[in-house]
Every structure is written in structure tokens, then in C-alpha cells.
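Colleague: I would like a close look at a single part of this model. Please take one helix and its cover, then place that part within the chain.

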Amino acid sequence: MRFYVPEWDDNVDANYDFLHDEHSTLAKTERELQYIWDIFDYDTTPIDGVLISREQVEESNTKLDNLTTYGVYHPESRLHLPDWLPTISDCGAWGYKSLPFPPYGNQEMLDFYEQMDVTVGVTIDHLVLGSGQEGRLYLDKRAFKRSGFTPSDIPETIADNVDVMVDEWPTDWPEYVTEYDETIYGETSPIPFERADFEGSLSGVLTRFADDPRAVYRENDTQFRYDLTLENAAEMKALYDAKDYSFRLMVAVQGWDADSYARATQDVLDHGYQYLGIGGVAGSPVDDVRDIVTAVGNTVKTHERAETMRVDTHVFGFAKTDAFDTVGQAGMASFDSASMLRAAWTGGDNYHLSSDRRYDAIRVRFGTTRDTLEESIEKALHGQELLHALRAFDNGESIADAIREWYATATVALDGLPPYLEANHLDEKYDQRLLRDVEQQFRDDYEYSRALRANFSRTFRRQVVKHLRDNGTDATLDEYESLVETARNIFETKFPQTLDAVEALEDREDEVATFAQIQRVVEDYVTADVIDDEEYLEAYEDLLRVKPWRECDCPICEDLGIEVAVFRANNRNRRRGFHNMRRFYDEFEEDLPKLLVATPATEELTQVETVEDYLGGECPDLWEQIYDLPVAEIGTLDNGGLYEWWTDAPSAVATDAMAGPVSEFCVRYDDLYLYDPDGDVSQQTVQEIEDANCTVHIYDSGDDVRAAVLDRLDYDNEFVPKRPVQIELGDF
């Protein structure tokens, strides 16, 4: 089973300066960016693939051009995706859920996937929404832009009786839209709405909008979305089969309950699909998802066993550790989620060791655009005193010494500014139009520029830089002096805040870096007027008592130490998210181990179209026992690695010198169940695979392979969980 992560530009600055909270360069395009697959090694990367949605890709014209021109695996794409990570691309139905129709056509999406060079492309679905209203009125947001009438002005008689969806409609709808509503096709500049458009009875308003290019009303929108998703599935399969595409086609199904999902599943299986995606369950209660996954799994297994064929199933947007058993027994082949990544910066309990052990990272606040200069400076100083204390605590060093050294460094940075400005403020190197270029010059030229920003805030340094750009006379030196005096007054009258208290504790306890000492600094920080985070104090104390980052062996925790447990902007928070994904993946592997069922390839593989044909024709004893196995991945091996069951057969096969490539591939698996009745795999190959920490089990019987895999999973021979009786009864 494979875990995919959605791709949402989740990258970090590889050379970020944590000491000064400074990017390696001011221009993002010049930074060395790292994704999760750059930070972890091949064998420890906590994902098995990447989900790339068109809706997200199109948010940046540069990204769209790069990916469609070069493909996702090309270096020019800037994704750095390694060849071994498979990719799924879909439309991003959540992004256009408020539109009356998906904004893409079927042939267009197939061409898009081909340009992207992804492993799997997904059919166009339309999210089935559950709002409690069957009737849904769609309104073009463009018609509100030049109108004094706003969506909030829509009368309650309408909003209370139909589900009103307002979104900006595409300038160009795909041609299929004309089959359902010709009035909106080709409308590029809609007339602004007026209050009169919404006056009168509900039926009168809806009648008025019947042929209006700014509105679409459907009495039973849920059924329409369901049916349109299935119609797209049928048409895309026909288009796909008519051409030799390089990617695998997955069909997306939608529904509103377990039975509707099961009916949709049967419909698409009848079209010949062998990879099915369950859409629309992201954010649903876990029990509802269990019912849906079980219903789909039962339908798929019935089909598989009737046809002696394998069908893979993907769950979109769902990854709950307490549902792993259901997901596994229902025969799901893959799933995706970004929840454990996003959890690193979207709330509390954002540092994870496991699903049961979660801690609150310490929020060290940056100033905001709403802060005055004085507030920004004070926040920065409070933050730096705390950060230096936390690092000393983590390193087992004197917190008092760390605070004293920090104060001295900040003093040097501030004291050195006036003489530098007096000597350089009229220099032509600062005669530049763009503020960023002036800031880059100052950052490079003033020795303590980074320390200045870290200790006295970005706002403070930015004001210095603005004056440098606007300089023309010596009179502006007064402005610099005023800035420095503001910072000096706060710095020298209020800081250091905790040096005396910590020093007294060190003398009393006769040791350094104790919990009591760091607790004193944290208490001072959270109770400061400009911070006001006292509500988090107890959670921070739990974190600092346990020091969970020391229990983790991921490269992020090992490299950053306590920095990963600090809640402070992208470069810490996303790295913590990557760590969370590693810990999630550990639980995933424990509950659903990485299992590979394979047999060595023979020359006959080159004589058939697909690996599935080969396994069914040349290895029927094996295929008839494994085609419906859950969790495990299935294929055939030669010295190029693994050919998965669904792939096209290679033009050549070589099994000599297989040890190296196969062992490198198997390092990401826990167990290899090797069907080798003729003893073709050498002992050297077996030994090298086991040296890669993948246990090899060799069999000469398909029955034995099946029994061993199911025993490893602790599943019975049928292994599909039964649905509750009340669900099976449906509407009875």
C-alpha cells in the first residue's frame, strides 16, 4: 500500500539561517529549495508518491508552464521529483466545488496529464456536496464586481431554501457545457447584478434566472454531480483506450452515502477500470469513511473474484491511523493526505511522536503589520532572548551565559549602526530603485545586518533600508538617529528580562539547563504584554519536560534539535510538518507493513502486452492466489527492478546481476514474498535483499504465498470487513 502527499509548494530554504531567522537570499527564485524527498534519504522518505492537482498547479502561471513544458520529473520543473516517486494528477475537485460544472473537458485533461508526464491521471469528478438542500443556485461572482449588490444582500427567502454558490466563473467553459446550459457558454463579461434580480418569490427569481448567463439553478444538484462524474468516467475511458497514453488512468467516484458509492463503483468497473479513486471523503467523520471504504471494497472484491483480475483502489484526502485496519482489509492500494503536514502550523498539538503523543510547539512570535515600530522591536527582543535560552537548554549549557552573550551581540549590532550609516548613507551603492535590492546590499555590506533584523525586527531594518534608498541629504541622519534611539531605549531599559532570575537559579541549583531555569524564561515570554500567550504555558511545560525531539531519529530532529519544536514561520513549521509525516509513516508501516509479492521474470514476459498478462498466463498458480491480495504490491523482477502488475511488459528481460538493483529497490519494503519454484533467484540476491532489511520468504506454491501474506496481516481468507446490517438494508 502506498501513501501519497498532495503537492502544495511545500518546500523550505535549504540554507535558512535559524540563528538570525533570515532566508539565504531575499529572492525566492535564487534559493536552494528542498522538498520532503530532498531532506530524507531514499529508504527513509516518508511518502510513496505525490498527488498533483491541476487546480493547484494553475495558481501560478510559471509553475503551470514549467510542469506542462518539461513534465514533473524534469529538473526544470523545480519540483526535484526523483524518478522512483510515482505521481497522481487530478483536477482538484475541491477547488471548483462552487462552480456549476467542472472547468475542464475530458480530452483536455487527458492531454494535460500527458504533458505533465505523471504516472497516473484521474477522471474529472464533481464533488457531491451535502448541504441539506437539494436545490442549488450558482451565481457568477464576476456579476457582483461592478454591482452595488453583494452576495450577502441576497434575500433570506432564497438563501434559506436553496444552496447558493458564488464563485468566479471561467472566461471559457469547456464545450461539453453547451449540452447542459448553452446560456452561460461564451459569456465573457456578465452584466452586473441588481437588487431587482433577486426580488419577488423564490419561484419567480428562479424562473427569471432560467436563461440568464449569470446563473445556473438545478433542482437536484446532488444527483447531477453524481451522474456527471459517471458520464465523464465513461467518456474518458473511451478516449483513453483510443490512444496510447503514457500514464495509467484512474477513475474517480463520488457519492453521498455508502450505497451510492457502491453503485458508482460497480458502474465504472463495468467500463473496465482497474484503478479507482474514492473522492469526496476528505473531512468526513471516520465512521462514515469506514462505511464507504468497506462498501467500495466489497464491490471491488466481488468484481475481482468474478473476473480473476486485480483492481487497485485509492482513497483521496483521508489518512486516519484508527482506520488503517478498515483501509487494509477493504483492499485499498493507496491513499493521500496532508493533514499531518498541515497540523504543524494550523493549531495545537503540532509536534507529533505518534497519534497518541502530540505536543504543542512553542510559539515565538514575529511582529505583524498591525504592530507599531516599538511593538515590533519589543516582540523581536523577547523572542531572541527566549530562542537563545531554548538552545542553551537543549545543549545542556548555561542559559544565563547564553542570554548574556545574546545581549552583547545585539548591543554590537545596534552600536555599530550609526557609524556605518554616517559613512555609507550617501554611497551610490544604495542608489537603487527596488527596495529589495537596497536591502540585499545592506544585508551584504553591513556586518551585523542579520543580527539587527533578528534582534530589533524586520520592521526596524526595513525602515533603515527605506531611508537608505530615499537618501539625498545629511538631514536624513536625524531620521536614522531617531530610529536607533527608539530601539536603544527599549533594549537598554527592558532587557535582558530574565538574566538575573536564571543566574540565581543556576547558583541555587548548582547546575545549568534545568527545567526550572527554562521555565522561568518561558513564563516571562508568554506573560509579556506584547505576547500574551499565557494560555499555552502548561502545554509548553509538558513539551520541555519530555523533550520529545530527542526521541526522534529523523534527520530534521537530529539536525535542528529544539528548533523543530519552535512554532515560527515556514522554515521551522514545514520542517516540523515533514517530521510529523515521518512519524505518521512509521505508524502506517507498523499497521500496514510494506509487502511485495513478486516472481523472477522470464523471456516470456517480452511476448505479452502487460505484466498482468504474463502473471496470469505464465504463472497461473501464483496469479490465481494473489490477484486480490490486500496491502501487498505485486509484480515481477529482473535486474532493472520491479515491473508492477499493471504496467506494460518490457521489450527485454535480464535476470543476471539482479542482486544490486533489486536490493536497492527492496530497501523500502519490510517483506518480499518470492515465488520461485525453479530456484532462479541466486542466494547472493536473497542475501543482499535481506542486508537491506527486507525479509525474503521463498515459495514454490501460490497457495503458500497467499497464506503467508494473509498471516502476516492477520487477515482471514476473505479479509473484506462486513458492512453493518443497517447499512446493507439501505432505505428499507
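Modeller: The cover over the buried residues of helix 28 includes helix 27 (659-666), strand 21 (671-675) and strand 22 (695-699). This is a predicted model, so read each value as computed from predicted coordinates. Helix 28 runs over residues 683-691, and its buried residues are T685, V686 and I689. Why do they fall on the same side of helix 28? Because they cover an arc of only 100 degrees around the axis. The spacing fits a general rule. An α-helix has 3.6 residues a turn, so residues three or four places apart point the same way. The other side of helix 28 has Q683, Q684 and D691, which are exposed. After the helix comes N693, with a positive phi near 65 degrees.

Next, the cores. The largest nonpolar core has 201 residues. Those with the most contacts inside this core are I278, F442, F456, F460, I518 and L544. Helix 13 (residues 373-395) gives the largest share of the core, 9 residues. A second, separate core has 15 residues, and L642, V662, V681 and V696 are among them.

L544 deserves a closer look. Beyond its neighbours within four places in sequence, L544 is in contact with I362, L390, F393, F515, I518, V522, W549 and I562. I518 appears in that list, and I518 is also named among the residues with the most contacts inside the largest core.

Now the loop between helix 21 (515-527) and helix 22 (537-546). D533 lies there, and so does D532. Are these two buried or exposed? D533 counts as buried, because its relative accessibility is 3%. D532 is exposed, with a relative accessible area of 56%. The phi of D532 is near 55 degrees, a positive value in a residue other than glycine. What does the side chain of D533 meet? It forms a polar contact of 2.9 Å with the side chain of R365. Leaving aside neighbours within four places in sequence, D533 is in contact with R363, R365 and V526.

G367 sits in the loop between strand 16 (362-363) and helix 13. At 40% relative accessibility, G367 counts as partly exposed. Its C-alpha atom is 8.2 Å from that of R458, and the two residues are 91 apart along the chain.

Two further backbone points stand apart from these. A cis peptide bond joins F495 and P496, with omega about 0 degrees. P496 is in the loop between helix 19 (477-494) and helix 20 (499-509). V631 is not a glycine, yet its phi is positive, about 65 degrees. V631 is placed in the loop between helix 26 (620-626) and strand 19 (633-638). V631 is buried, with a relative accessible area of 3%.

Then the N-terminal end. In strand 1 (residues 2-6), 5 of the 5 residues are buried, so this strand is largely enclosed by the rest of the structure. Cover lies on both faces: R2, Y4 and P6 are buried on one side, F3 and V5 on the other. That split follows a general pattern. In a regular strand the side chains alternate between the two faces of the sheet. Which strands pair with strand 1? Strand 13 (residues 334-336) pairs with strand 1 in the parallel sense, over 3 bridges. In strand 13, S334 is the bridge partner of R2. Strand 4 (residues 49-53) also runs parallel to strand 1, joined by 3 bridges. There, L51 is the bridge partner of P6.

Last, the whole chain. It has 30 helices and 22 strands. The C-alpha trace spans about 85 × 80 × 50 Å along its principal axes. Of the 732 residues, 57% are buried. Take the contacts between residues at least 6 apart in sequence: 74% of them join residues at least 24 apart. The chain exposes about 31,200 Å², and carbon and sulfur atoms supply 43% of that area.

Back to the starting point. Helix 28 has T685, V686 and I689 buried, with Q683, Q684 and D691 exposed on the other side.

Technical notes:
Residues numbered from 1 in each chain as written. Predicted model: local features only at pLDDT ≥ 70, side-chain atom pairs only at ≥ 80, totals over all residues. Heavy atoms only, no water. Buried < 20%, exposed > 50% of the residue type's maximum accessible area, 1.4 Å probe, protein only. Helix = DSSP H or I, 4+ residues; strand = E, 2+ residues; numbered from the N terminus. Arc of directions from axis to C-beta. Contact = heavy atoms within 4.5 Å. Core = buried A, V, L, I, M, F, W, Y, C linked by side-chain atoms within 4.5 Å. Pairing = 2+ DSSP bridges. Areas by Shrake-Rupley, 256 points an atom, 1.4 Å probe, with all protein chains shown as cover. Polar contact = N/O pair within 3.5 Å; in protein donor to acceptor, adjacent residues only side chain to side chain.
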